[in-house]
2 protein chains.
Amino acid sequence: MRIAQVAPLYEAVPPGAYGGTERVIAALCDRLVAGGHEVTLFAPETSETAAVLQSYGEPLRTRFSAEELVNLAPHLHLEMFADVYERSEDFDVVHSHLDIWTFPFTRLSDVPTVLTMHGRLDLDFLRDLMPRYGSVPLVSISDDQRLAVADLDLTWAATVYNGLDLSAYAEVQHDSDGYLGFVGRMAEEKGPLAAIEIARRTGLPLRMAAKVDPLDEEYYEQEVKPHMEPDVAFIGEIDELQKPEFYAGARATLFPSDWPEPFGLVMIESLAAGTPVIALRRGSVPEVIVDGVTGFICDDVDEMASAVERIAEIDPEECRRHAEKFSDEAMCRGYTEVYERLARERSARR
Amino acid sequence: MRIAQVAPLYEAVPPGAYGGTERVIAALCDRLVAGGHEVTLFAPETSETAAVLQSYGEPLRTRFSAEELVNLAPHLHLEMFADVYERSEDFDVVHSHLDIWTFPFTRLSDVPTVLTMHGRLDLDFLRDLMPRYGSVPLVSISDDQRLAVADLDLTWAATVYNGLDLSAYAEVQHDSDGYLGFVGRMAEEKGPLAAIEIARRTGLPLRMAAKVDPLDEEYYEQEVKPHMEPDVAFIGEIDELQKPEFYAGARATLFPSDWPEPFGLVMIESLAAGTPVIALRRGSVPEVIVDGVTGFICDDVDEMASAVERIAEIDPEECRRHAEKFSDEAMCRGYTEVYERLARERSARR
C-alpha cells in the first residue's frame, strides 16, 4: 500500500530523547517499509527513516521560541496538510499523528485518513470538536483513553498500543537486586515525589532518569529537589541507547503517574528489560500491567511501597514475554489491519 | 457570479456595535446581491444579510470565554473552511476575510480564492508565513498596509478601501460649532490621552464614544479616567444608528491613532457626516484625508491642537464628496473587478 505518515513538526522522527509520539512514528515507518509498503513520511528534515521523507526544515523546537510557536506552529502544520492533501491521490491511506488539526482536510479528499489520538481526550474543547467529525476513523492508544469521550458519536477504528523496538532490550540482563527506577518528565502529574517517598519507606536507592522541561523547572527546584535524599540519584534525561541498561539495572520501575496517562511507554520499556512495574491504577495501566504477573497495580503510595517487598514474586521472563504484545511489530500489524480495512471500504464505496 | 463570502465567526454580520470587518462584509454582501450576484455568506446565525446565509451558531464571543476561544476558535474556523471548500465548485470565487487561516485550503481547489488582509501586517510570524503562499491573490485595505511586507514576494490583487453605507449620513447636518469627537476603542494605541490633551489646550468640549474591551479595562481605569476633565464626556460605545448624529455634532473628529492603522473607518464616517478629521500621520491616514481639504494631517499633538483652530478652512461639502470614494458602492465595485479578473484568469488557464 501507499501510505502517508504525517508527524508533528516539533521534533525529529525519531526524536533525540524524550518524545513518545515521534518514536512510535519512526518505528511504524521502518516496519511498514520492511513489510513492503510504500511510505512517505511528512516530518522535520533531521528525521531518519526508511520511508521517503518529505521534509519541513529543522524541528520547530530548535527554530522558534515557545512564544513564537504559539502563533506559527498551527500554520506550519496546516501548510504540511495542504501538501499532503494536494497529492492525496498518491496515497491509499493517510495516517496523521496531529489528530484534530487533520479533521478539516479529511472532508476534502476521497482518500481515507486515520488519526491516532496521542493525547488525553478529557478536555472540554475536544468534546465540542470531535463529534463534528464523527465519521473520521480514529485510533486510540489504549481502550481507557476513549472513556472520556465514550458518550460521543465517534468512529473508533481500533486501539493500537504504542510499540517498542524490543531488540535493543533483548541483550540486557535484569538485576533483581538493583535500585528502584523512575523515568519520565519531572512534572507533578508523573509523581516524582511519590517515587521518592516509596524509596524512603523501603530503604532502597532510587534513580530518576527524567527530563526537566522549562515549564517544569520551578516545580523541580522548589518541590522535588529539597526532597532528594542521599540515596536518590537524579541522572537527568537518558536517550534510547541508555534506556535498556537503566531499566535492566532496576529491581522495579515505579510508575506513580497520577493522571489518566493515555498509554505510558515507560511501562513497556521496563517490561522489555525484564523489570516489573509498580504502578498506580490510572489510565491505561490495567491494560498494560498484569497485576501480580508483570508487576503490581496499586491504589496509593502505601500499596506501592508494600508491593516493592513482593517484587520477588514476579518472573522477569513473564515481563519480557508480555512486552511482546507491545512490540513495534504488533503495532505495525495493528495499523496495517486498519489501513487495509479503510482501503477495502473505499473500494466498496466506489 | 457565484460568490462565497467567508466571515470570522466571533461577531454577527453586521455586528451589534464595534466590528469594522463584519460591517464591511455585511455591506459588501448586500451590494453584491443588489448587483445581481449569487452570494453565499458563511457567518454566525444571527447575521442579517441579503445573501444566502450558511450559518454557524451564535457568535463565538457570546458562546465562549476568551480562554476557551484560544483552543476552540481556530478549529471552528477550519471546520467552516472545510464546508466552503468541500463545495467550492458551487462558486466562481471564494472571498475570505479570515486571511492566513485560509491559505492551506487555497491549494486544494481550482476555484480562485481572494483574501482581504484586514489586520496589521507588521508581525514577525506573518513575514515567515505569507511568502509560503505567494501566489494567493491578496487585497489590502490601504496601500500603506502593504509597506511592512513590501520586500516579500506576494500577489497583491488590489487595494480596496473599506466602504461605508453613506445613506444614513445623508440626512444629518454638520455643526461647525460643535464639540471635538473621538470614536474608537479605549486603547493606548488609539490615542485617547492625546484627544483629551488637545481638548484641554483648545478649551473645547470633547466627547468620547468608545468601547472599553475587557483587555483595556485597566488602561482605561488607571490611565484615562483620572484625566477626564469636566468638559470631557465619556459616552461609551455607540451603535450604527447613533453614529451619524454623533459625528455631525462634532466640529472635528480627532484621530490621534498612534499605530499604523491599516484603514480607519472612523475617518470615513466623520467625512460622511461633513465633519473634518484631524489625524496623526500614521498608516492609511494620508490616503484617506486630503490635508487642508477634508481635514489636517499632523505630526504631533501640538500640530493637532493648532489644526483645531483652522477647522473653519474646511468645507463640509468637500468632506462629504470625498467620502464617496469610500462608499460601500465603491468598495463593491473594487471587489467585483477583482472577482471578475480572477474568474477570467481561471477560464484562461483551463
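In the predicted model, R107(A) is partly exposed, its relative accessible area being 24%. The side chain of R107(A) meets that of E86(B) in a salt bridge, with 3.0 Å from N to O. This pair crosses between chains: E86(B) belongs to helix α3 (residues 66-86) of chain B, whereas R107(A) lies in the loop between α4 (103-106) and β5 (113-117) of chain A. The glutamate partner, E86(B), also counts as partly exposed, at 46% relative accessibility.

The arrangement of the two chains was examined by superposition. A turn of 180° with a shift of 0.0 Å along the axis lays chain B on chain A with an RMSD of 0.0 Å. The relation is therefore that of a two-fold axis. Within chain B, the C-alpha nearest this axis belongs to L108(B), at 3.8 Å from it. Both copies use the same surface, in that 100% of the contact residues of chain B recur in chain A.

Over all chains, the structure holds 61 salt bridges. One of them joins R23(A) to E240(A), whose closest N and O atoms are 3.0 Å apart. Distant parts of the chain are linked by this pair: R23(A) sits in helix α1 (residues 20-34) of chain A, and E240(A) in the loop between β10 (232-234) and α9 (243-248) of chain A, with the two positions 217 residues apart. R23(A) is buried, with a relative accessible area of 13%, while E240(A) counts as partly exposed at 27% relative accessibility.

In chain B, a salt bridge is formed by E269(B) and R23(B), with the closest N and O atoms 3.2 Å apart. These residues are likewise drawn from distant parts of the chain, E269(B) from helix α10 (residues 265-272) and R23(B) from helix α1 (residues 20-34) of chain B, 246 residues apart. E269(B) is buried, with a relative accessible area of 1%, and R23(B) is buried at 13%. In chain A, salt bridges with shared partners connect R23(A), E240(A), K243(A) and E269(A) in one network.

Attention then turned to the nonpolar interior. In soluble globular proteins, nonpolar side chains tend to be buried together. The largest nonpolar core of the model comprises 74 residues, and M130(A) and M130(B) are those with the most contacts inside it. When neighbours within four places in sequence are left aside, the residues in contact with M130(B) are F103(B), M117(B), L121(B), L138(B), V149(B) and L154(B).

Conventions
Residues are numbered from 1 along each chain as its sequence is written. Chains are lettered from A and ligands numbered from 1 in the order in which they are written. This is a predicted model: local features need pLDDT of at least 70, side-chain atom pairs count only at pLDDT 80 or more; totals for chains, interfaces and linings use all residues. Side-chain values use heavy atoms; hydrogens and water are left out. Copies are superposed by least squares on the C-alpha atoms of residues with pLDDT of at least 70 in both. Contact means heavy atoms within 4.5 Å. A nonpolar core is a set of buried Ala, Val, Leu, Ile, Met, Phe, Trp, Tyr and Cys residues joined through side-chain atoms within 4.5 Å. Buried means under 20% relative accessible area, exposed over 50%, partly exposed in between (1.4 Å probe, protein chains only). A salt bridge is a side-chain nitrogen of Lys or Arg within 4 Å of a carboxyl oxygen of Asp or Glu. Helices (H or I, at least four residues) and strands (E, at least two) are DSSP runs, numbered from the N terminus.
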